Amino acid sequence: MTSVDPALTGQTVELLQHLIRNACVNDGAPSSGGEVRNSDLLTDYLDGLELAHYEPFPGRRSVLATLPGSDPTAPTVLLMGHTDVVPVSPDDWREDPFGGELIDGEVWGRGAVDMLNLTASMAVAVRELHRRGRPLKGTLKYLGVADEEAGGTWGADWIVANAWDDVACDYVLTENGGIPAPMPSGTKVVMTVAEKGIGWRRITVRGTPGHGSMPYGADNALLVAAEVVRRLQAYSPTAELGELWRGLVEAMALPDEQRDALLDPGRLRDALAAMDPKLARYCHAMTHTTFSPNVIRGGDKTNIIPDRVELEVDIRTLPGVTSDEVDVMLTEALGDLAGRVEVSPVVKDRPASASPVGTPMWDTLRRRAEAAHPGAEVLPWMIVGGTDAAFFRARGVPSYGAGLFSAQATLQEFQSRFHGHDERVDVASLGLSTQLWLDVAGDLLT
């Protein structure tokens, strides 16, 4: 079993609480986020290390800390944690989402799972390695980065494009992996090697303004937008079953009939309908390019028929799906309404990405996960959201979603806390993740 230092665990809890309380909420607007608050917090916490800062838009500041290695031939590892969080509906939470309270062994708050927990544990490990003063052969970098929750425009995307030499590395570790998943074939620990791509689109629907008291026959943009939403909800492209999906299905050790159905594109949808809903949502996303209309803007006044409505659609692409193919799918989904709307990107498209297993870093992550969960098997995993790892994979850098978590929450429960109500993480997991970063440095950099 992995042993952890209670003092370092306590430091991680305290730092996480402060990060949560800074409420760096990113709603997608350039002026939101305010990650400068968490950047300043981390700058003070890492005082004495070699630091650099990046602020391409006022308030959207990232911080980089470096522990230089003595051997230029040894690897460089970048620990990357984002400092922003998504918006929240406070009335739907049991606790204050920005209180950062420690309750019954769990830290509550927006970002406790996504991903301020790892951002904090990484900083604690880096400071501890600096405090110990033992020279490393390889170089360790830590990036507390802004704007991950809106595609990285003012964070990793900008830094990789404009300050690559500062963050260049041989491996990246970021969110999210190391989560135990009990399965019929035994406990698996999922470690992320791949993620879906992003193809967010804005759909603009135009109509004709008029008085709300005379709706008969009106060209109401909102009514057309409602039909667009309905068609997107009903649309589902053909399933694509990759090797990571096949590995997951085999790990489930299901009855032959159920296993065969999950591996058959023609029967997959019916097989998913018979599964636990939380697991089915993930399995559907892992096998399909998905379309989720999540934002609508339109209308100015109750008695005015709207002439313009905008929809923003979260589109997540499978490996190999191009930007042009996304637009073809949208045309197919909208049918005869495709000619009535305008489609434009919300953020720059980025393709799905993956990293190889079998690297020295993968071997270290596997061994450390097996030590934390004796008897468990490490399962390569694809996350269906996006992370800043994509920018580094595009540069050829193997990048993994890592961390180590206790068995306190099942994988399904843990995943439901991402962007959900009552987000929280247990203290044991904070200690395990902090120890993982120390162990990675010990294995690869000394």
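In this predicted model, the elements that cover the buried residues of helix α12 include the strands β3 (76-82), β7 (171-174), β9 (186-195), β18 (377-383) and β19 (399-401), together with helix α15 (427-444). The residues of α12 that are covered in this way are Met361, Trp362, Thr364, Leu365, Ala369 and Ala372. Seen down the axis of α12, these buried residues fall within an arc of 160°, so they line one face of the helix. An α-helix has 3.6 residues a turn, and residues three or four places apart therefore point the same way.

The lengths of the two helices can be set beside the spans expected at 1.5 Å a residue.

| Helix | Residues in helix | Expected span | End-to-end C-alpha distance |
|---|---|---|---|
| α12 | 13 residues | 18 Å | 19 Å |
| α15 | 18 residues | 26 Å | 26 Å |

For α12 the distance agrees with the expected span, and for α15 the reach is close to the expected one.

Helix α15 is itself mostly covered, with 14 of its 18 residues buried. One residue found in α15 is Val440, which counts as buried because its relative accessibility is 2%, where the cut-off for buried is under 20%. When its neighbours within four places in sequence are left aside, Val440 is in contact with Leu173, Met361, Thr364, Leu365 and Leu445; among these partners, Met361, Thr364 and Leu365 also belong to the buried residues of α12. Val440 and Val77 are 363 residues apart in sequence, yet their C-alpha atoms are 9.0 Å apart in space.

How values were computed. Residues are numbered from 1 along each chain as its sequence is written. This is a predicted model: local features need pLDDT of at least 70, side-chain atom pairs count only at pLDDT 80 or more; totals for chains, interfaces and linings use all residues. Side-chain values use heavy atoms; hydrogens and water are left out. Helices (H or I, at least four residues) and strands (E, at least two) are DSSP runs, numbered from the N terminus. The expected span of a helix is 1.5 Å times one less than its number of residues. Buried means under 20% relative accessible area, exposed over 50%, partly exposed in between (1.4 Å probe, protein chains only). The arc is that of the directions from the helix axis to the C-beta atoms. Contact means heavy atoms within 4.5 Å.
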